[in-house]
Amino acid sequence: MKGQVIYLDYAATTPVDGETIAAALPYYGSTFYNPASTHMLGQIASSAVEFGRRACERAINADRGTVYFTSGGTEAINQAMKCVDIEAGSKVAVSAIEHDAVKACAEYLSRRGHEVVTVMPTEDGIITPEALEKAIEGGAALVCVMTVNNIVGTIQPIRELAQVAHRHGALFFTDAVQAVNSIELDVKDSDVDMLCVSGHKFYALKGSGFLYVKKGVKINALLDGGRQEYGLRAGTVDVPAVMALADGITRAQNCVDEYNAHAKILREAFLSALDCGKQIEIGPHVDDILSVAFDGVDGGRLAVALSVAGVCCSVGSACSAGSATPPDTLVAMKHGGAASSVRFSFGKPTTKAQAEAAAKIVNDTVKNLLAAKV
């Protein structure tokens, strides 16, 4: 492995699968037409978009006409939280372990006069129905809890949380961006009102994603302009991105068991070879995300040193890169090792040999950093 860079930051982004690229390529060249054009060539592109939409809906067991394409998770989150039709000044509940995009939208809603309450996790990173029940006692309009946490990988009890929200008259929105590879998504079984995904997390294109909106939920447009996406998202639809998105999410949802088995092997191999640090204890979780605290070492400094040594990982969300503060998720969990934590995340291309080699590099790097402090 000497001289090779080992990428362990798949929670930040993934490569595009070859088959997914193949699904998109014709729509860059031979079938490049604008799906909004009324002529017969434009309608070929329009048919492709609707084929892709239906494939995405089937992948999450959604009704026809409930998926709207976006540029990714952040746009979908903004539309779900800013454009849903809720009463002015009503209560909005947001978990403390959400992505920055959700937190920023919550701040926007607060400035607009909504009462925003934060739902805290347990020390093992779970948002419990009991905690949500207490937070929205007396009624609420909207609840936001992510499906899989992007820092520690905890799986939230979405179905039970949605039930609590609905009992209190609230809509339930979940950011499922980090969940597509490892969780079978079923919007009918979980009874969520809105859900979003982002293509670059499941081996499709960057700049692609969608927002699911349950039939009957009233939502307004985020972007003004044309009437694309049933009037909810103005702008020329990116047909290649749609086709890649549909292919990527279909492959991911069809291979959840295979993916999880591979991720478990990698996690166990990495931890077996790691003789320093302490795995952050969490509740039910996916295996492709692993946060480790290294006592006496600054997490940010360690991530930089590991990059120099040939292991690419992170101290938190890529969207928060450059922040000098520990990951909000670990702070909310009241974990004493938040400032010394590093996140490793595995993907389909990761091999067991790479996981073991990366752990050995971590061992040496941590040892060197601790020795330098003496």
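This briefing walks through the overall build of one protein, its cavity and a handful of its residues. The model is predicted, so treat it as a computed picture. The protein has twelve helices and twelve strands, and 57% of its 374 residues are buried. The structure also holds one cavity of 30 Å³ or more.

**Overall build**

- Along its principal axes, the C-alpha trace of the protein spans about 70 × 55 × 35 Å.
- A compact globule with 374 residues would have a radius of gyration near 21 Å, and the protein agrees with this because its own value is 21 Å.
- Take the contacts in the protein with a separation of 6 or more: residues 24 or more positions apart account for 74% of them.
- About 16,000 Å² of the protein is exposed, and carbon and sulfur atoms supply 52% of that area.

**The cavity**

- The largest cavity contains about 90 Å³ of space.
- It is lined by 15 residues, and the closest to its centre are Tyr10, Gln178, Asn181, Tyr259 and Asp288.
- Sorted by class, the lining of the largest cavity has eight nonpolar, five polar and two charged residues.

**Thr14, in a loop early in the listing of elements**

- You can find Thr14 in the loop between strand 1 (6-7) and helix 1 (18-24).
- Thr14 has a relative accessible area of 3%, so it counts as buried.
- Setting aside residues up to four places away in sequence, Thr14 touches His200, Lys201, Phe202, Tyr203 and Lys206.
- Look at one of these partners, Lys206: it is 192 residues from Thr14 along the chain, yet their C-alpha atoms are separated by 9.1 Å.

**Ser182 and Asp287, two more loop residues**

- Ser182 sits in the loop between strand 6 (171-175) and helix 7 (187-190).
- The relative accessibility of Ser182 is 5%, which means that Ser182 counts as buried.
- Beyond its neighbours within four places in sequence, Ser182 is in contact with Val256, Tyr259, Asn260 and Val286.
- One of those contacts, Tyr259, is also among the residues closest to the centre of the largest cavity.
- Asp287 belongs to the loop between strand 9 (278-279) and strand 10 (289-293).
- Asp287 is buried too, because its relative accessible area is 18% and the cut-off for buried is under 20%.
- Without counting neighbours within four places in sequence, Asp287 is in contact with Asn260, Ala263, Lys264, Arg267 and Phe346.
- Asn260 therefore appears in both contact lists, that of Ser182 and that of Asp287.

**Two residues with positive phi**

- As background, most residues other than glycine have a negative phi.
- Asn61 has a positive phi, near 55 degrees, and is a residue other than glycine.
- Asn61 is placed in the loop between helix 2 (40-59) and strand 2 (67-70).
- With a relative accessible area of 33%, Asn61 is partly exposed.
- Glu229, also a residue other than glycine, has a positive phi near 50 degrees.
- The loop that holds Glu229 runs between strand 8 (209-213) and helix 8 (239-254).
- Is Glu229 buried or exposed? At 6% relative accessibility, Glu229 counts as buried.

Methods
Residues numbered from 1 in each chain as written. Predicted model: local features only at pLDDT ≥ 70, side-chain atom pairs only at ≥ 80, totals over all residues. Heavy atoms only, no water. 1 Å grid on protein atoms, 1.4 Å probe; cavity = no way out; pocket = protein on both sides within 12 Å on 5 of 7 lines; lining within 4 Å. Points joined across faces, edges and corners; volume = space filled by probe spheres on them. Nonpolar A, V, L, I, M, F, W, Y, C, P; charged D, E, K, R; others polar. Helix = DSSP H or I, 4+ residues; strand = E, 2+ residues; numbered from the N terminus. Rg over C-alpha atoms; globule rule 2.2 N^0.38 Å. Buried < 20%, exposed > 50% of the residue type's maximum accessible area, 1.4 Å probe, protein only. Contact = heavy atoms within 4.5 Å. Areas by Shrake-Rupley, 256 points an atom, 1.4 Å probe, with all protein chains shown as cover.
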